[in-house]
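Q: Can we go through this one together? I would like to know which parts to read and which to leave.

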Amino acid sequence: MQQIEIRSIDKQDFRMKEAYKTLRTNLEFAGRNVKVVALTSCTPNEGKTSTSLQLALSLAEAGKKTILVDADLRKSVLRGRYKVSHEKYGLSHYLSGQADLDDACCSTNVENFHVIFAGPVPPNPSELLGGDNFKSMVDTLRKEYDYVIIDTPPLGSVIDSAVVARECDGVVIVIESGAISYKFVQNVKGQLDRADCRILGCVLNKVNMSRNSYYGKYYGKYYGKYYGHENEEGAPLQESIVKKKKNGEKTSGKKVTVEPEKQGTEEEFELVLEDAD
């Protein structure tokens with residue numbers, strides 16, 4: 001098994017962390033028989049790869065032995081985006097018979113988290129994904145790991161995702177907020193239905209919380225009330241992370257101590273509760 005290091009992982013704010021924890025929990029409640037999950041989207045650049053990686057990392061963080069399979073053989077962005085150290089073999093090597101499965105697997109610097117990268121672009125990706133080697137790989141990984149997350153190409157562009165979905169326990173569709181039409185999503189859903197694959201649900205991605213009145217105001221007030229952050233008049237309080245002023249001047253508002261995620265960092269943060277408008 002190859003040893004690689006992931007040098008760059010997206011930094012997340014509180015709401016994003018909670019969103020991935022919610023996605024992880026929903027996946028766990030989908031049933032014990034749901035172990036192999038594919039993620040797809042309608043078009044490129046909807047955040048499918050980032051969602052796949054962060055979901056896999058969230059599962060690994062919860063103590064689940066997880067492997068992420070990059071099955072986007074046509075245009076993979078996983079390795080370059082997250083500045084991964086060089087790997088020798090990938091999925092295309094295994095599917096074409098040039099390497100064993102153990103040689104294509106990579107252990108990472110993240111506990112409980114392994115990866116199979118796409119490898120070089122083959123001339124026949126759909127045929128490789130629909131072959132016996134891919135089916136054998138899924139069966140083997142299902143026995144060795146708690147969860148297998150498969151990042152697939154956009155189904156609105158190529159048919160590869162539907163080919164992969166036939167070997168999976170379920171599919172999650174990643175949809176960019178405000179960019180994809182209802183009819184387009186219905187067409188993608190129809191393709192998955194014809195592949196006889198269970199659709200676990202959708203992830204609404206890239207939601208602008210400041211502009212979207214429903215997701216921004218409703219959830220902001222809801223979580224404020226739920227956790228008991230209210231002022232004397234009973235109005236909800238708005239949470240905001242602010243940098244501690246270096247000149248020692250105290251910030252106004254009701255202060256709550258927040259532990260920094262990494263000790264010894266140059267910047268310190270505190271959580272300030274301010275009256276919502």
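**Confidence and local contacts**

A: Among the elements of the protein, strand S9 (residues 237-243) has the lowest mean pLDDT, 40, and S6 the highest, 95. Here pLDDT is the predictor's confidence in each residue, from 0 to 100, and helices (H or I, at least four residues) and strands (E, at least two) are DSSP runs numbered from the N terminus. This is a predicted model, in which local features need pLDDT of at least 70 and side-chain atom pairs count only at pLDDT 80 or more, while totals for chains, interfaces and linings use all residues. Residues are numbered from 1 along each chain as its sequence is written, and side-chain values use heavy atoms, with hydrogens and water left out.

Q: What is the mean pLDDT of the protein?
A: The mean is 77, and 70% of the residues reach 70 or more.

Q: Where does pLDDT stay under 50?
A: Over residues 222-247, for which the model has 43 contacts beyond four places in sequence, and over residues 249-277, for which it has 44. Contact means heavy atoms within 4.5 Å. Where pLDDT is low, the predicted coordinates should not be read in detail.

Q: Helix H1 next. Which of its residues are buried?
A: Tyr-20, Leu-23, Arg-24 and Leu-27. Buried means under 20% relative accessible area, exposed over 50% and partly exposed in between, with a 1.4 Å probe and protein chains only.

Q: How do they sit around the axis?
A: Seen down the axis of H1, the buried residues fall within an arc of 100°, so they line one face of the helix. The arc is that of the directions from the helix axis to the C-beta atoms.

Q: What covers them?
A: The cover includes strand S2 (36-41), helix H2 (48-61), strand S6 (147-151) and strand S8 (199-205).

Q: Moving to Phe-113: buried or exposed?
A: Phe-113 is buried, with a relative accessible area of 1%. Its place is in strand S5 (residues 113-116). Beyond four places in sequence, Phe-113 touches residues including Ile-6, Leu-53, Leu-57, Ala-60 and Leu-68. Phe-113 and Ala-60 are 53 residues apart in sequence and 5.7 Å apart in space, C-alpha to C-alpha.

Q: And His-114, what is its relative accessible area?
A: 17%, so His-114 is buried. His-114 also lies in strand S5. Its contacts beyond four places in sequence include Met-1, Thr-66, Cys-106 and Tyr-145.

Q: What lies over the face of Tyr-145?
A: Lys-65, at 5.0 Å from the ring centre. A charge sits over a ring if NZ of Lys or CZ of Arg is within 6 Å of the ring centre and within 35 degrees of the ring normal.
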